[in-house]
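Student: Before we discuss this protein, could we look at the sequence and the model together, and could you justify each descriptive word as we go?

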Amino acid sequence: MDLEAVRTFIAAADAGRFQEVAAELAVTQQAVSKRIAALERSLGVRLFTRTPRGAELTIDGQAFLPHARELLRAAERAVASVRIGHRPLRVDMITSRSAASGLMRGFHRAHPEIDLDVVMLFDIETAVAAIRSGAIDASFRAVAVPGRPLPEGIESVRVLDEPLQLLVGPAHALAGARSVTVAQLAGHRIWMPGLAPGTEWTAYYDDLAAEFGLTIEATGPNFGSDALLDTIADTPALATFMGGQTRLVWPAGHGLRRIPVTDPTPVYPHSLLWRRDDPHPALAVLRAHLAATAAGHGTPGTWAPDWVMPR
């Protein structure tokens, strides 16, 4: 349905005279008549009856008028929903408990006037496809995994290196340590059932294990973080890695310990990805906020894979 014809119909219904409508819309009276006639043909009814006083709505015109008004309001809402700066900034992160979630909460506290829509996509390929299509504006990822360079037009900046910690139960051999070196972890079983083949985090931990001779197991189904914490608490032979800024809560009776890893400290490199020509004004605000507040990458004495993008 021609929205200009609908707009002309509403103006004519309000004014009652085609001549006044023509002046209001800055078109000729003939153009007004043609628009109304085209709308009547598309609807299959007459909308106006000509009278000496101008134009009066027919019964069908009266029935159509409230729907025509709603049609224009819907069109205005549709336009507003995609107008630059009028829709939420859509940002992807892997989980709600990650360091990226903390970065976005800090951004929201600093800029509560900016509407945010947080989504959680699984892997980097899905995230990059969503950025390219415009489904999301940005994503927090570890880049660039070997063999998967970022496509043309996708920008990235490294915003945070998150130190890894060892998580152990109360009966684990390292439970009493204030810190552990990477070398001390050799021979210990590190269980991480969330390592899915082909993901950027699996590539990271594969390189970590190869670099330092660690035993990282991904056996068994991944029942989520609660099941992982239960198992680590009850199994003295198992430990797991977790990010130092990852937020997890467990029952007090679990007696779990988060132990810093040193010499060197493995860090998980979080980068922000976005499309170069994304016009959303809040995207620039987010990037400036991260540049000013997300310090902590490039610290001496840390380790990250060679494929990680430069700082």
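Tutor: Let us begin with how elements are named: helices and strands are DSSP runs, numbered from the N terminus. In this predicted model, His-280 is placed in the loop between strand E12 (265-275) and helix H9 (281-293).

Student: Why is His-280 called buried?

Tutor: Buried means under 20% relative accessible area, and His-280 has a relative accessibility of 7%, so the residue counts as buried.

Student: What does the side chain of His-280 reach, and what makes the pairing with Arg-87 a polar contact?

Tutor: The His-280 side chain reaches the backbone nitrogen of Ala-282 at 3.1 Å, and a polar atom of that side chain lies 2.8 Å from the backbone oxygen of Arg-87. The cut-off for a pair of N or O atoms is 3.5 Å, and 2.8 Å falls within 3.5 Å, so the pairing with Arg-87 meets the distance requirement.

Student: Is Leu-121 buried, partly exposed or exposed, and how do you know that?

Tutor: The partly exposed class lies between 20% and 50%, and Leu-121, at 21% relative accessibility, therefore counts as partly exposed. Leu-121 sits in the loop between strand E4 (116-119) and helix H6 (124-133), and, leaving aside neighbours within four places in sequence, its contacts include Asp-92, Met-93, Ile-94 and Arg-141.

Student: What makes the arrangement of helices H2 and H3 roughly perpendicular?

Tutor: Helix H2 (residues 18-25) and helix H3 (residues 29-43) pack at an angle of about 105°, with their axes 8 Å apart. Angles of 65 to 115 degrees count as roughly perpendicular, which means that H2 is roughly perpendicular to H3. Among the residues that make the contact are Phe-18, Val-21 and Leu-25 of H2, together with Val-32, Arg-35 and Ile-36 of H3. By class, the residues of this contact divide into six nonpolar, three polar and one charged.

Student: How do you know that the length of helix H5 agrees with what is expected?

Tutor: Helix H5 (residues 99-110) has 12 residues, which at 1.5 Å a residue should span 16 Å, and its end C-alpha atoms are 17 Å apart, so the two values agree. The buried residues of H5, including Leu-103, Met-104 and Phe-107, pack against strand E3 (89-92), E4, strand E5 (138-141), strand E6 (154-168), E12 and H9.

Student: Which atoms pair at the start of helix H1, and what follows this helix?

Tutor: At the start of H1, a side-chain oxygen of Asp-2 comes to within 2.9 Å of the backbone nitrogen of Glu-4, and H1 is followed by Gly-16, whose phi is positive, near 80°.

Student: Why is a positive phi worth mentioning for Ala-26 and Asp-263?

Tutor: Most residues other than glycine have a negative phi, and most peptide bonds are trans. Ala-26, in the loop between H2 and H3, is not a glycine, yet has a positive phi of about 60°. Asp-263, found in the loop between E11 and E12, is likewise not a glycine and has a positive phi of about 55°. A cis peptide bond, with omega about -10°, joins Asp-263 and Pro-264.

Student: Why are Ala-26 and Asp-263 called exposed?

Tutor: Exposed means over 50% relative accessible area. Ala-26 has 71% and is therefore exposed, and Asp-263 has 60%, so Asp-263 is exposed as well.

Technical notes: Residues are numbered from 1 along each chain as its sequence is written. This is a predicted model: local features need pLDDT of at least 70, side-chain atom pairs count only at pLDDT 80 or more; totals for chains, interfaces and linings use all residues. Side-chain values use heavy atoms; hydrogens and water are left out. Axes are lines fitted to C-alpha atoms, for helices over the stretch in contact, and angles run from 0 to 180 degrees between N-to-C directions. Helices (H or I, at least four residues) and strands (E, at least two) are DSSP runs, numbered from the N terminus. Angles under 35 degrees count as roughly parallel, over 145 as roughly antiparallel, 65 to 115 as roughly perpendicular and the rest as oblique. Contact means heavy atoms within 4.5 Å. Ala, Val, Leu, Ile, Met, Phe, Trp, Tyr, Cys and Pro count as nonpolar, Asp, Glu, Lys and Arg as charged, and the others, Gly among them, as polar. A polar contact is a pair of N or O atoms within 3.5 Å; within protein, one must be able to donate a hydrogen and the other to accept it, and residues adjacent in sequence count only if both atoms are side-chain atoms. Buried means under 20% relative accessible area, exposed over 50%, partly exposed in between (1.4 Å probe, protein chains only). The expected span of a helix is 1.5 Å times one less than its number of residues.
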